[in-house]
Amino acid sequence: MGPKSARDTSLQSTDRLAALLKASRSFVETLDLQTVLQATVDGVNELLGLDSAAVYLLEDDSLHLWATTPPLPADFPHELRVAPLPDHPHIREAVTSGVPVFLADMRTADLSPAERSVMEQRNLRTVLYLPLIAELKAMGALIVGSVDTQRSISEADVDLALTLANLAALAVRNAHLYDEVKSYADELEDMLAERERGERERDQLQMRLAQAEKLESVGRLAGGVAHDFNNLLTVILGHAELALMRIAPSDPVYAAIQEIQTAGERSAKLTQQLLAFARRQATAPRVLNLNAAIEVGLKMVRRLIGEDIELLCLSAPDLWAVKMDPVQVDQILINLCLNGRDSITQAGKLVIETANVTFDESFCNEHADCIPGEYAMLSVRDNGCGMDRK
């Protein structure tokens, strides 16, 4: 071999080393599996100067085609992209033995139908099967081939290609580990987020429980005080009534005692409302005029909603009578008005309205909770911002 041949050999070795370093650099710069495998086929193609390269990864005893060079045609059969390992006995031999398998001429080799289909699709004549093995585990196979049987593959070529295959196998293993760690990290992050949500919900429930216990205590206290006060009012009203029976209406003291009796009766109604709110008062439904019952409760409503909110009452004439406890009317009215007040940020308006309404069959079909009939309606409207669905 003359000086020129030696120089050519040296240049070829340098080019191959550069190609190997380039592929190796790609392996350490990314953990994306597709990028790693594409760098593998591009690198081995440049390293050996062959016509075709492909990487199959082994998943559950099936071969999955991940990367090729040149790219596959659009009509490349799907059954050749994903195939059982036994359909490719030469790949199986390489991955199970860990030793490269070289076929010098595919036309005379003993091929399976799948292998022959790949050969025909890619027009290959010479093929080298290289195992991808990392940590004694078969990851898949790197396949390189040529359309020319005159293109020889030397032992040095095989060693270089096997070195690249081993580096690629480690890169594939690292990519798999990265995916597993990332999946575990995502799962852990979801668990932590769920735990934080659970802790927030628990804290909110504890706050609600504490608030409910406070309200229950206040209700018991109010009920107890109202009960005792109601007993005192009974004594006051009884003595006032006895006094009125013993004094003549013309006596100047008679009118004063009447005022005491009137104030006592009003106080008794207030205590009945407190007892009802504390759930210590039995209901006593009776036939009443809803307008008159609302008029009694308006005094308390005005005190509760404040001076910034305008209160209007639109009472329907000839309103039908209803049968219910007057205290429950006060409860309903106060709750609706307080809800309306809470939806008004600053100044606003509350409108209390009564009317006679009739529900027919068509209306009840659209409103499942309604029963056809005639009703006395009580509505409370406000011009506040309202509430969201939650």
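**Exercise 1. In which loop is D318 found?**

Solution. This is a predicted model, so pull it up and go to the stretch between two strands.
- Step 1: D318 is found in the loop between strand 8 (309–314) and strand 9 (322–324).
- Step 2: Check its backbone. Phi of D318 is positive, about 55 degrees, although D318 is not a glycine.
- Step 3: Check its cover. D318 has a relative accessible area of 70%, so D318 is exposed, the cut-off being over 50%.

**Exercise 2. Find the loop that holds D60, and work out whether D60 is buried or exposed.**

Solution. Take the backbone before the surface.
- Step 1: D60 is found in the loop between strand 1 (52–59) and strand 2.
- Step 2: Phi of D60 is near 55 degrees, a positive value in a residue other than glycine.
- Step 3: With a relative accessible area of 79%, D60 is exposed.

While you're in that part of the chain, have a look at P70. P70 sits in the loop between strand 2 (62–69) and helix 3 (78–81). The peptide bond that joins T69 and P70 is cis, with omega about -5 degrees.

**Exercise 3. Compare the span of helix 2 with the expected one, then do the same for helix 9.**

Solution. Let's do helix 2 and then helix 9.
- Step 1: Helix 2 (residues 33–48) has 16 residues, and at 1.5 Å a residue 22 Å is expected.
- Step 2: From its first C-alpha to its last, helix 2 reaches 23 Å, close to that value.
- Step 3: Helix 9 (residues 326–343) has 18 residues and should span 26 Å. Its end C-alpha atoms are 26 Å apart, which agrees.
- Step 4: Now see what is tucked away. Buried residues of helix 2 include L33, V36, L37, T40, V44 and L48. In helix 9 the buried residues include V327, V329, D330, L333, I334 and C337.
- Step 5: Follow the chain just past helix 2, where G49 takes a positive phi of about 65 degrees.

**Exercise 4. How many salt bridges does the structure hold, and how far apart are R195 and E199 in helix 6?**

Solution. The structure holds six salt bridges. Here are some of them.
- Step 1: Side chains of opposite charge can pair when their charged atoms come close.
- Step 2: E194 and R197 meet in a salt bridge at 2.4 Å, N to O. Both lie in helix 6, three residues apart, about one turn of the helix.
- Step 3: R195 forms a salt bridge with E199, and their closest N and O atoms are 3.4 Å apart. These two are four residues apart in helix 6, so about one helical turn separates R195 and E199.
- Step 4: An α-helix has 3.6 residues a turn, so residues three or four places apart point the same way.
- Step 5: Now the surface. E194 is partly exposed at 46%, and R197 is partly exposed at 38%. R195 counts as exposed at 56%, while E199 counts as partly exposed at 32%.
- Step 6: Away from these pairs, R107 forms a salt bridge with D105, with the closest N and O atoms 3.2 Å apart. D105 is partly exposed, with a relative accessible area of 22%.

**Exercise 5. Which residues gather in the patch of positive charge, and which form the nonpolar patch?**

Solution. Start with the charged one.
- Step 1: R266, K269, R286, K299 and R303 gather in a patch of positive charge on the surface.
- Step 2: Helix 7 (252–277) and helix 8 (290–305) each supply at least two residues of this patch.
- Step 3: K299 lies in helix 8, and a relative accessible area of 54% makes K299 exposed.
- Step 4: The nonpolar patch is formed by Y184, L188, M191 and L192, with about 420 Å² of accessible area together.
- Step 5: L188 is in helix 6 (residues 155–246) and counts as partly exposed at 36% relative accessibility.

**Exercise 6. Place H90 and A256, and state how far each C-alpha atom is from its partner in F102 or A240.**

Solution. Go one residue at a time.
- Step 1: H90 is in helix 4 (residues 89–97). Its relative accessibility is 10%, so H90 counts as buried, under the 20% cut-off.
- Step 2: H90 and F102 are 12 residues apart along the chain, and 9.0 Å separates their C-alpha atoms.
- Step 3: A256 is found in helix 7 and is partly exposed, with a relative accessible area of 42%.
- Step 4: A256 and A240 are 16 residues apart along the chain, with their C-alpha atoms separated by 9.9 Å.

Note on methods: Residues numbered from 1 in each chain as written. Predicted model: local features only at pLDDT ≥ 70, side-chain atom pairs only at ≥ 80, totals over all residues. Heavy atoms only, no water. Patch = residues over 30% accessible without salt bridge, like charges linked within 9 Å, V, L, I, M, F, W, Y side chains within 5 Å. Areas by Shrake-Rupley, 256 points an atom, 1.4 Å probe, with all protein chains shown as cover. Salt bridge = Lys/Arg side-chain N within 4 Å of Asp/Glu carboxyl O. Lys, Arg positive; Asp, Glu negative; His and termini not counted. Charge placed at Lys NZ, Arg CZ, Asp CG, Glu CD. Buried < 20%, exposed > 50% of the residue type's maximum accessible area, 1.4 Å probe, protein only. Expected span 1.5 Å × (residues − 1).
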